[in-house]
Structures are given as structure tokens and as C-alpha cells.
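Hi everyone, thanks for making time for this. Let's have a look at the structure together, one piece after another.

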Amino acid sequence: MIQSTHSDFAFGLDDDTLHEECGVFGILGHPDAATLTALGLHALQHRGQEAAGIVSFDGKRFHQERHMGLVGDHYTNPATLARLPGSMSIGHTRYSTTGEVAMRNVQPLFAELEEGGIAIAHNGNFTNGLTLRRQIIATGAICQSTSDTEVVLHLIARSRHSSTSDRFIDAIRQMEGGYSMLAMTRTKLIAARDPIGIRPLVMGELDGKPIFCSETCALDIIGAKFIRDVENGEVIICEIQPDGSITVDARKPSKTQPERLCLFEYVYFARPDSIVGGRNVYTTRKNMGSNLAKEAPVEGDVVVPVPDGGTPAALGYAQQSGIPFEYGIIRNHYVGRTFIEPTQQIRAFGVKLKHSANRAMIEGKRVVLVDDSIVRGTTSLKIVQMIREAGAKEVHLRVASPMIFYPDFYGIDTPDADKLLANQYADVAAMAKYIGVDSLAFLSINGLYRAVGGEDRNAARPQFTDHYFTGDYPTRLLDKNGEAMGNKLSMLASNG
């Protein structure tokens, strides 16, 4: 994977968290398509903060707005939305895991094909994207971006099928990995999800017009109705007919496999108010905390969440254990990205730019600190130090997910295996000593499965994608095994 240059990394604020690649939103046949897409992307901002883009079609021409930064930095401007006319649009908010941070990689990507223009946006990662890229370049293709999404455009262009829908299906049949994808032509909005459903995608409706998006929270913000999840391996083609009606054609072009949704959607990525795979995310996170309290009880005076991710799990832990819940850490939601030069002295402030100890809730107490996950452990170390400086008598860290041992190749930006905390120390006691806590415990894999799906993990046929905990990758890793995954491409430097 190519290291991000997002400015928060310079501050050392976000290099110890996992990052999702992106969120997608699309709507067909609505007069306020671009505005609704911008609102949907705003609800999906947590899935990517580096860049956002929208493409619309007004019946004659495609229109595109792509910008670095947050959705609210650009798409609240009426002049920007006025440049996106039409009754159909797709949008994307991005955090890069493949391709450098540059304007040419901001999605949706657009291309003129034999059948007309097409715009594509996707969430996830192709595990054979670099392999296919090398093959198409070897046959004379010219790639303008370093995003693996562009490979799909080339495969669509090369397909010998007559219709755009069939070309799209032909292209994604050649892709492997975890993805949710939207494509827009002059008359169609096409939605697709990978064969085992690693990345989420939902279908909704507003005023009778179809919508597709990464999470239900994007439907809620515009008052749209949730229809159903797009099934794993399904392609749904919505098309505007000459009389203005919209037809919906759902296909299953790939071989049916059991769904294995990514567990980290529940642990960390999805918004707590979203419904993912038919399950309320907030409830599953409370269940994680409750199960953690059963598995790893400890005597304490107060349960304190690491905000915001650890809050629902901390509530579950407190309710199960009977230990009072308190906001012992206050999060500053308004940390600027470039308000000050990231000198070494400023980096030393570290976590305090985002989190402050609430001394009144901590001083003299045995604190049970609850977080959703630990990646490198560097942030945990700083937070524990801050809690101790605020006068905590004891600090016991409880983590509402299992230890992370393995990197991800399906759209989560994870460090190399040797940089993960779980691989740097011989046992939990050694990790606890490094972090500086009196005790440390992680939720078991079965405890997580029960919190989300209500039953233990089926080792013969796992119900979810969980390779970061278990090493059980659900697909081939063609780029990785071919030593292409993570290798930098020859890239043109871009200033925007």
C-alpha cells in the first residue's frame, strides 16, 4: 500500500487507527440529484476525509466536481452544486489505500467509451488490481491515475459485449477482492457488490427514485426509505426509459457464495446509527462491551471510553459489570489540519490535540478504559499516560475486539504485520507493560462473533470476513502473492 500524506499523519494523530477507503452514493431520476448526493456524502464523511467528488448528467452532458478535502469544504457552496445539473449523479468520499493522494485519483473516475460516457466510484480494494493493470499496460493501455478503479474502466472499454451493462458485468467478473461499486451512464445507475459481500452497499428510495449508498445513515440524512441490502455478488441495473419511468434489473452474474461481511464495519468503520447487514451497529458495539465484561472482569471505580469509537462498548461494559460509566476523556472535534506547522515540539502534544482528560472523573479512581481496537498501540500509550497524569489510581485497558495480527487487502489501510502491536510482543503482559496499564485484555473472536451474529465462529465456514484477527483471507491475494501488492508504481507527482 502507498503511504498517505494526509496532514493529520504529520501530527501523529491518525497513524494508529485503521482507515476505510471510501464511501459511495448514487441517485437516479431526481431533480435535486447533486444536492442529495452531497448530503449523502456528508453522512458518509467518516469513511474518507481526503477527497470527495460528484459526477452528474443532465440529459446531454456529464458534469464533474472533484476536490481535495472534506465534503463540507466544497459542496455546501451553492455555486459548486449549480455546476452539477441533472437528475442523476454519483459521488464518492475517499481515503486512499491504493494510489497516491492526488486530484487525478479522486473519484468518480470518468471515461468516454464507444457507448458513451461512464462514471465509476468504488469502495474497497481489488486484490488483483495491480496484476491486471500491468497486463493492460503491456498491451498498450495508457493509465492516467494510480487508482485501481481505472482498471475497471479499461476492462469495460475492452469488453466485446454490446450493452454497457453487460460490459460492466464482464469487467467486474475479472476483478477479485472486496468492493462495492457504482457506475453511471447516460441512462443507467448500476450498483455492484463483490461475490462474498466484504464491503457493504444498500439500496434505498426517495420519491420513488432509486438510491445506492455505503450505509443507511446516508439514506437517513435525506429522508429516504431503506429498501434492502444489495446482495453479495449482485448487480442491480436501474435505467431511465424514454417515457421517464425507471426499470430495475437485478442480476447475479457470479457464482453464489456465502456472504462474509467485514467484521470491522461493526467494530469501527460504520456509523453507530447505521444498519449494516440487518444489524444496528450501535447495538452490536454495546454487545461487544458486554461480552468483554463477561470475559475480562476487573475491579474498578469507573468505566471510561476512548471517544468516540469506544463509547458504545464502554456503555455495554459498564451495564454488564455494574461499574459506573463516565466521560473521563473529552474529545476535541475541531482539530485543524494545517493550523500550525507540524514541528517536533507540536508532535509531542500528540493525543492531547484530540483528547483531554476529565480530571474530576479520573483522579484517585481505578479506571477501566475501553477502546474499540488497538493497531500499533502508540495512541493507547499516550492516552494511558494522560489518564495517569490526571491522577488515576489504576488503569485497566479493555479492548472490544480481538488482537490484530494480519494486514488487510480489501480496502482497510493497515500497517505491515511487523508494525502491529500484537506481533511486537510475546504476550499480553508484555503489551500491557509497553502501554503502561495495570492490566490489558482483548475480546475473544467468539465473543465478537456472538456480539454481531449471535453465535460462535464456524471455523469450517466463517460467517464474516475476519482475516485481520485470524489470518483466514476469504479470497486469493493475487497481487500480494505475486509481490505486486504494496509496490509503488511509477508515478507523476501532482500538486492537486
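**Sheets and the helices on them**

Okay, let's start with helix 15, residues 428-435, which lies across strand 21 and strand 23 and runs at about 125° to strand 23. Keep in mind that what you see is a predicted model.

So what do those strands belong to? Strands 17, 20, 21 and 23, in that order, make an open sheet of four strands with parallel pairing. At the edges you'll find strand 17 (302-305) and strand 23 (439-442), and each of those pairs on one side only. On average, neighbouring strands here are turned by 20° against each other, direction ignored. Zoom in on strand 20 (residues 366-371) and strand 21 (residues 394-399): they run parallel and are joined by six bridges. Asp371, for instance, stands opposite Val399 in strand 21.

Now for another sheet. This one is open too, with seven strands in the order 4-3-5-2-11-10-12, and the pairing is antiparallel. Strand 4 (62-68) and strand 12 (225-229) are its edge strands, and the twist averages 15° from one strand to the next. Strand 3 (residues 51-57) is held to strand 4 by seven bridges, and Gly53 has Arg66 in strand 4 as its bridge partner. There's a helix here as well: helix 2 (residues 33-43) lies across strands 2, 3, 5 and 10, at about 25° to strand 5.

Last stop, helix 7. Why is helix 7 largely enclosed by the rest of the structure? Because seven of its ten residues, 164-173, are buried. Among them are Phe168, Ile169 and Ile172. The buried residues pack against several elements, including helix 6 (149-158) and strand 8 (177-184).

Notes
Residues are numbered from 1 along each chain as its sequence is written. This is a predicted model: local features need pLDDT of at least 70, side-chain atom pairs count only at pLDDT 80 or more; totals for chains, interfaces and linings use all residues. Side-chain values use heavy atoms; hydrogens and water are left out. Buried means under 20% relative accessible area, exposed over 50%, partly exposed in between (1.4 Å probe, protein chains only). Helices (H or I, at least four residues) and strands (E, at least two) are DSSP runs, numbered from the N terminus. Contact means heavy atoms within 4.5 Å. Two strands pair if DSSP finds at least two bridges between them. Axes are lines fitted to C-alpha atoms, for helices over the stretch in contact, and angles run from 0 to 180 degrees between N-to-C directions.
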